[in-house]
Amino acid sequence: MLRDDIVEYSLEGHHSEEAGKTIRKKIWKVTAILTAITALEVILGSQIKQTSDYWEVIKWSFIALTIVKAAYIVLVFMHLGEERKALKYVILIPYFIFIIYLIFILLWEALAVGDIWAVSAS
Amino acid sequence: MAGHASKQIDAKTLWGGKMSPFSTSYGKLMMWFFLVSDALTFSGLLVAYGFTRHDYLGSWPIGEETFQSLPVLGHGYPLIYVALMTFILIVSSVTMVLAVEAGHRMDKKGVIKWMIATIIGGFFFVGSQAWEWSHFIHGSEFGKVELADGSLATVHGEFGELENFTVVTAGDHHKKNEVITEDLMHEYQHAAAAGHIEDDKITLHDGSVAKIAKHPNKDVELYIKENGGKYQMGDRVSGPEAIAMYEEAINSGEAGRLIYGANLEENEYGPQQYGQFFFFITGFHGFHVFSGVVINIIILLGVIGGLYHKRGHYEMVEKTGLYWHFVDLVWVFVFTFFYLV
């Protein structure tokens, strides 16, 4: 049965031609940024070896650039930036708390496990 | 800016309970909640990958060494292919957001145009991934080698072409003195892995023994990945010595000295888990892309049929768009953690 008391659309589901122009401009700008970041990553990744002295710096800049890319996708393409503050937090806070904790605890543990393997192998 | 608490909420947007949590529609909120849980799944997979990788440290394969082939052009292009795949997915994400934007202006033609572009991008990505998988499974010409001292090494260089096999002892299929010119590489790798090559003679599937005519390998460099009696992880061996060491393994007649390509039990790139993570993470992501393409096609049919235009809004396009961007988002992380670092 079709229920007519549930209407399935959000506020701001429409915008004018004028507003459309500004939005499209922003989309293309973000596209250029994402493409430039990916190109930069590939150039750095193929030119600088993992044995290089600069590798630590490169590795962390890759991770930082990835988070920048992810932020643009989520905030602009997925329009999370335009949602209400409460919704933003509901979606983002689980990662800031649990995933960062999970990464920290598991990678730390992994190094310990790796050490034990190295000891028992020798 | 969508919905502030102070804003008068249009009665039509209220849910069944006459409320509108977060000033957003029911469908959109539930899509977000699904994406939150799906993102946690992918986070779990990637963190598990990180855990295993940090266990192994040095012997774990390096992206730029493992993925450096292009269709037609061959080897020596580190990361270019995955970069291309990433670019395709980003572009299809852009066309999707343009479809959503056209929907907000009730521009049906614009929505159709951009959604078709998105679907094409999705197919290109899935196709690229199929090629990548096929290449990963079949592996390189050299494979991974266990050297005489017990160390394991990946091999880089120029593989000398196989010319033919001349049968010296007849088997079930081949007669004596027959010259075989077909399917040489497959037979050669199969025999090398099984230890059926000795003194430049190969024992074929049917039991016949043939003499191998092959150009010599050039510029061979061995990257040691696991410690042996003489070489340690991280060592590099090159020059005539490396060529001889590789030849010794090929010609030893011992099974298991060479591994080509990848399956769930072993792979030529690194530890067993590397292959399993590759198949599972990129496979799970590829399945998301595939289902995203299917959902996009279903929504596109609805757009073409005028269903959403009649409804007065294109929110269904927005919801499938959310899923599609999420797929792109996951790939951004897979690209970094599987291929770059």
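**Exercise 1.** At what angle do helix 1 of chain A and helix 2 of chain A pack, and how far apart are their axes?

*Solution.* The model is a predicted one.
Step 1: locate the elements. Helix 1 of chain A covers residues 17–47, and helix 2 of chain A covers residues 55–77.
Step 2: read off the geometry. The two helices pack at an angle of about 160°, and their axes are 11 Å apart.
Step 3: classify the angle. Angles over 145 degrees count as roughly antiparallel, and helix 1 of chain A and helix 2 of chain A are therefore roughly antiparallel to each other.
Step 4: add the handedness. The crossing of helix 1 of chain A and helix 2 of chain A is left-handed.

**Exercise 2.** Which residues make the contact between helix 1 of chain A and helix 2 of chain A, and how do they divide into nonpolar, polar and charged?

*Solution.*
Step 1: list each side. Helix 1 of chain A contributes Lys26(A), Val30(A), Ile33(A), Leu34(A), Ile37(A), Glu41(A) and Leu44(A). From helix 2 of chain A come Ile58(A), Phe62(A), Leu65(A), Val68(A), Lys69(A), Tyr72(A) and Val76(A).
Step 2: sort them. The contact has 11 nonpolar residues, no polar ones and three charged ones.

**Exercise 3.** How are chain A and chain B divided into domains, and how far apart do the C-alpha centres of the domains lie?

*Solution.*
Step 1: take chain A. Domain 1 is 17–82 and domain 2 is 84–122; their C-alpha centres lie 23 Å apart.
Step 2: take chain B. Domain 1 is 22–139 + 274–340 and domain 2 is 161–215, with C-alpha centres 44 Å apart.

Terms used. Residues numbered from 1 in each chain as written. Chains lettered and ligands numbered in written order. Predicted model: local features only at pLDDT ≥ 70, side-chain atom pairs only at ≥ 80, totals over all residues. Domains from an automatic or database assignment. Axes fitted to C-alpha atoms, helices over the stretch in contact; angles between N-to-C directions. Helix = DSSP H or I, 4+ residues; strand = E, 2+ residues; numbered from the N terminus. Parallel < 35°, antiparallel > 145°, perpendicular 65-115°, else oblique. Left-handed = near helix turned anticlockwise from the far one by under 90°. Contact = placed C-beta atoms within 7 Å. Nonpolar A, V, L, I, M, F, W, Y, C, P; charged D, E, K, R; others polar.
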